[in-house]
Amino acid sequence: MKGDKMHIFGDKKYFGFGLKFLDNDAGELRLFIQNEDILQYKWKGKLYHYVCWDLKEIVEWWENNLDIILTEKEFPIEITGMTGVEKYTNSLEGDLDMFEELFEKIQDWGFQHSWFSARVSSCLADVYFRKVENDIEISWDNYDLFPSVTFIHEKGVYYVSLEDFKECILQFIECYRNR
């Protein structure tokens, strides 16, 4: 479906995804927060939209983790931090004895709440998704994530209603599966 149009899920002005199918299983992916694509980055002075070389990895990550994100409320250990990305980052800097004991719980939480493990060697922003009351918190801190790459929106946090988030992700998955 090379040259396919950009499919938009959700509302770009609020929260949404953009997906354009490319060759094989590749696709251009955009994550819109208040009309800004937080996946955009600069490399060697040129602006790029994120291209995923294997969309199946991202889709399967959503299929495996969406229910966890929509229902799980707490970080697995008590740790300082206001956002999911802060809690995860701070948990990796904790007491070594505590860290060894709880490493698997922390790592599982990271894999279940950030799609970074599904990036397949691409420049995907490390974004965390977690439930906070009746909303989904989307948080990211991508300062110095990849050598020579600068994300246009390096750090941020945004809250979207759980229902809007769920509907958007399900539409994204359905579009991929029905292409």
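Here is a short walk through this predicted model, one selection at a time.

**Stop 1: the big core**

Start by selecting Trp 62, Trp 115, Phe 129 and Phe 165. These four touch the most other members of the largest nonpolar core, which has 43 residues. Now colour the elements that give two or more residues to this core: the strands β2 (15–21), β3 (27–33), β8 (127–132), β9, β10 (149–151) and β11 (155–161), plus the helices α1 (55–71) and α4 (162–177). There's also a second, separate core of nine residues, and Tyr 88, Ile 106, Trp 109 and Tyr 128 are among them. Seeing cores like these fits a broad trend: in soluble globular proteins, nonpolar side chains tend to be buried together.

**Stop 2: Phe 129**

Keep Phe 129 selected and show what is around it. Leaving aside neighbours within four places in sequence, Phe 129 is in contact with Leu 31, Trp 61, Trp 62, Ile 69, His 113, Trp 115, Ile 136, Glu 137, Ile 138 and Phe 165. One name on that list, Glu 137, is where we go next.

**Stop 3: Glu 137**

Glu 137 sits in strand β9 (residues 135–141). Is Glu 137 buried or exposed? Glu 137 counts as buried because its relative accessible area is 0%, and the cut-off for buried is under 20%. Zoom in on its side chain: one of the polar atoms there lies 2.6 Å from the backbone nitrogen of Gly 84. Beyond four places in sequence, the contacts of Glu 137 also include Met 82, Thr 83, Tyr 128, Arg 130 and Tyr 159.

**Stop 4: the largest pocket**

Next, select Tyr 88, Leu 92, Phe 116, Asp 126 and Tyr 128. Of the 14 residues lining the largest pocket, these lie nearest its centre. The pocket's volume is about 300 Å³. Which helices should you show here? Try α2 (84–91) and α3 (96–113), as each supplies at least two residues of the lining. If you colour the lining by type, you'll get six nonpolar residues, five polar and three charged. Tyr 88 and Tyr 128 may look familiar: they also belong to the second core.

**Stop 5: Thr 80**

Finish in the loop between α1 and α2, where you'll find Thr 80. Thr 80 is classed as exposed because its relative accessible area is 59%, and the cut-off for exposed is over 50%. Not counting residues up to four places away in sequence, Thr 80 touches Glu 86, Lys 87 and Asn 90. For a last look, select Asp 4 as well: Asp 4 and Thr 80 are 76 residues apart in sequence and 44 Å apart in space, C-alpha to C-alpha.

Note on methods
Residues are numbered from 1 along each chain as its sequence is written. This is a predicted model: local features need pLDDT of at least 70, side-chain atom pairs count only at pLDDT 80 or more; totals for chains, interfaces and linings use all residues. Side-chain values use heavy atoms; hydrogens and water are left out. On a 1 Å grid over the protein atoms alone, a cavity is a set of points where a 1.4 Å probe fits but cannot get out, and a pocket is an open set with protein on both sides within 12 Å along at least five of seven lines; lining residues have an atom within 4 Å of a point. Grid points are joined across faces, edges and corners, and a volume is the space filled by probe spheres set on the points. Helices (H or I, at least four residues) and strands (E, at least two) are DSSP runs, numbered from the N terminus. Ala, Val, Leu, Ile, Met, Phe, Trp, Tyr, Cys and Pro count as nonpolar, Asp, Glu, Lys and Arg as charged, and the others, Gly among them, as polar. Buried means under 20% relative accessible area, exposed over 50%, partly exposed in between (1.4 Å probe, protein chains only). A polar contact is a pair of N or O atoms within 3.5 Å; within protein, one must be able to donate a hydrogen and the other to accept it, and residues adjacent in sequence count only if both atoms are side-chain atoms. Contact means heavy atoms within 4.5 Å. A nonpolar core is a set of buried Ala, Val, Leu, Ile, Met, Phe, Trp, Tyr and Cys residues joined through side-chain atoms within 4.5 Å.
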